[in-house]
Amino acid sequence: MANIGYIQVVRHCNHFCGFCSNPTSPYVHTRETLRALVDDLVARDYYGVVLTGGEPTLHPELPETIGYAKSRGLHVRMITNGSRLAQPDFARAVAEAGLDLVHVSVYSVRPEVEARLRGTDDTLGRAFAAIENAADHGVAVNVNCVINKLNADHLDENVRYFIEHHPRVRHFVWNNLDPSMGRAEVNQALFLHRLTDMRDSLFRALRLLHATARTFRVERVPLCFMPEFAWASTETRKIVKGEERIVHFLDQKQTVRQTEWDHIYAEGCPECSLRPICGGLFERGDAFDPAELVPLRVPLRPIAEAVIGDPSDPSYPLRSFEEWEPDFLRRLEEAKSLPRLDTSGELPPPEMRPDAPPVGQVTDRSAARYRREMETVARRARSSGVAPERPHRLHVIDD
Ligand code: SF4
């Protein structure tokens, strides 16, 4: 199975997005703790790792960590705002270290909207330079976009821009806003859209990508808001293939092993033909309105076939619907007999991280850095007109 794990390399950032769900924390990684998490994913027989943040390029050990993960046989990916990758020397360094794929985040190609979302001026030019630098060094480039209130109406405009100006970008990832954590949680009134606000522009964006032979994935969007492209839903693909995901958070949550992808459903969802393979509404935060969900009457089979038959993703061994269906039904029965994991709280239950190594550490020095960063956060929040995230509790160990 092609499971991919996530490691939050740092949690600080040089941008200040008002909807950041993983803002700064007092935890830090050393070369050794980063290696321990890479080893953890290798021990779990994972296919790849996504190095993320915060802004992962701000960790001085990033190239070393990329090289180590590569040497352990992982497919190495990174999510970045592109600010450091815009420097040709840095792009060469991470490419030579073994980076296979980079996701550059761009939320809107309208400069004034991007500046508002980033809490920082003039970021677009550096993101575009990062895309070209990475491609020049042979690193595959994807564009990531968080769907929110300010870009929900022009997602297709972003796609048209990239097709015209950055034709080497062949894959796009759309993430519906996670309203449950960090600044996203406390700034819902500013950045959280209604699902209906994005429906038309998401459809136009996906249709355009499909028509131009580009590929895409969509995360945290219920299938009734993308029925034509249900096979591209990240949750649906994981449900169909029975995949899990490990996230090594750099905060109190530590390691979270996600195995269940179904979240909140509306009263009518049991009547929906896609309910068995739909992730529903993202579960935490109680922010989106289940009343927006509309049960569907479309066949499930072509969607499952598109996922298991995808020639670009040969990770799932059963390639025909006749083989897949009994395996899927068996997995559903097994899942029913297991106790339901409680993912509603801040800390995951212990059974979600039975043998994972500790993630990062809080030291005197990192706690002092965190206090200074929170002063900066408070200043930037005031000047950006957004609320700062809730502070972390500090449990310090000796340096
Ligand atoms: S109605 Fe419910 S089960 Fe059906 S696609 Fe929408 S969220 Fe999923």
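The following paragraphs go through this predicted model from its overall dimensions to its sheet, one helix, several loops and the ligand shell.

The protein has 13 helices and nine strands. Its radius of gyration is 20 Å, close to the 21 Å that the globule rule gives for 399 residues, so the protein is as compact as a globular protein of that length. The C-alpha trace spans about 55 × 45 × 40 Å along the principal axes. Of the 399 residues, 42% count as buried. Where contacts link residues at least 6 apart in sequence, 78% of them join residues at least 24 apart.

The nine strands make up an open sheet with mixed pairing, and their order is β7-β6-β5-β4-β3-β2-β1-β8-β9. The edges are taken by β7 (215-219) and β9 (255-258); each has a single partner strand, so one side of each is left without a neighbour in the sheet. From one strand to the next the twist averages 20 degrees. Strands of a sheet pair through backbone hydrogen bonds, in either a parallel or an antiparallel sense.

Three of the pairings can be followed in detail. Strand β1 (residues 4-8) runs parallel to β2, with five bridges between them, and Y6 has V50 in β2 as its bridge partner. Strand β2 (residues 48-52) is in turn joined to β3 by four bridges, again in a parallel arrangement; here V49 is the bridge partner of V76 in β3. At the β7 edge, strand β6 (residues 171-176) and β7 are parallel and share five bridges, with N175 opposite E219.

How much of β2 and β3 is buried? In β2, four of the five residues are buried. In β3 (residues 75-80) five of the six residues are buried, so this strand is largely enclosed by the rest of the structure.

The loop between β1 and α1 (31-43) contains H12. H12 has 19 C-beta neighbours inside 10 Å; because a residue needs 20 or more to be buried, H12 counts as partly exposed. Beyond its neighbours within four places in sequence, H12 is in contact with T24, G54, L58 and E373. One of these contacts, G54, is in the loop between β2 and α2 (62-71). G54 is joined to G53 by a cis peptide bond, with omega about 10 degrees. Across the fold, the C-alpha atoms of H12 and F203 are 34 Å apart, with their positions 191 residues apart along the chain.

Helix α4 (residues 111-118) has E114, R116, L117 and R118 among its residues, and these four are buried. An α-helix has 3.6 residues a turn, so residues three or four places apart point the same way. The cover over the buried residues of α4 includes α5 (124-136). After α4 comes G119, with a positive phi near 60 degrees.

G119 belongs to the loop between α4 and α5 and has 21 C-beta neighbours inside 10 Å, so G119 counts as buried. Leaving out neighbours within four places in sequence, the contacts of G119 are H15, F16, C17, G18, R380 and S384. G119 and A205 are 25 Å apart, C-alpha to C-alpha, and 86 residues apart in sequence.

Most residues other than glycine have a negative phi, and most peptide bonds are trans. D122 is not a glycine, yet its phi is positive, at about 55 degrees. Like G119, D122 is in the loop between α4 and α5, but D122 is exposed, with 10 other C-beta atoms within 10 Å. A213 also has a positive phi without being a glycine, in this case near 60 degrees. The loop that holds A213 lies between α9 (195-211) and β7. With 7 other C-beta atoms within 10 Å, A213 is exposed.

What surrounds the ligand? The shell has 15 residues, and the closest are P222, C224, C269, C272 and C278. By class, 13 of the shell residues are nonpolar, one is polar and one is charged.

Technical notes. Residues are numbered from 1 along each chain as its sequence is written. This is a predicted model: local features need pLDDT of at least 70, side-chain atom pairs count only at pLDDT 80 or more; totals for chains, interfaces and linings use all residues. Helices (H or I, at least four residues) and strands (E, at least two) are DSSP runs, numbered from the N terminus. The radius of gyration is taken over C-alpha atoms; the globule rule is 2.2 Å times the number of residues to the power 0.38. A residue is buried if 20 or more other C-beta atoms lie within 10 Å of its own, exposed if 12 or fewer, and partly exposed in between; C-beta atoms are placed from the backbone. Two residues are in contact if their C-beta atoms, placed from the backbone, lie within 7 Å. Two strands pair if DSSP finds at least two bridges between them. Axes are lines fitted to C-alpha atoms, for helices over the stretch in contact, and angles run from 0 to 180 degrees between N-to-C directions. A residue is near a molecule or strand if its C-beta atom, placed from the backbone, lies within 6 Å of it. Ala, Val, Leu, Ile, Met, Phe, Trp, Tyr, Cys and Pro count as nonpolar, Asp, Glu, Lys and Arg as charged, and the others, Gly among them, as polar.
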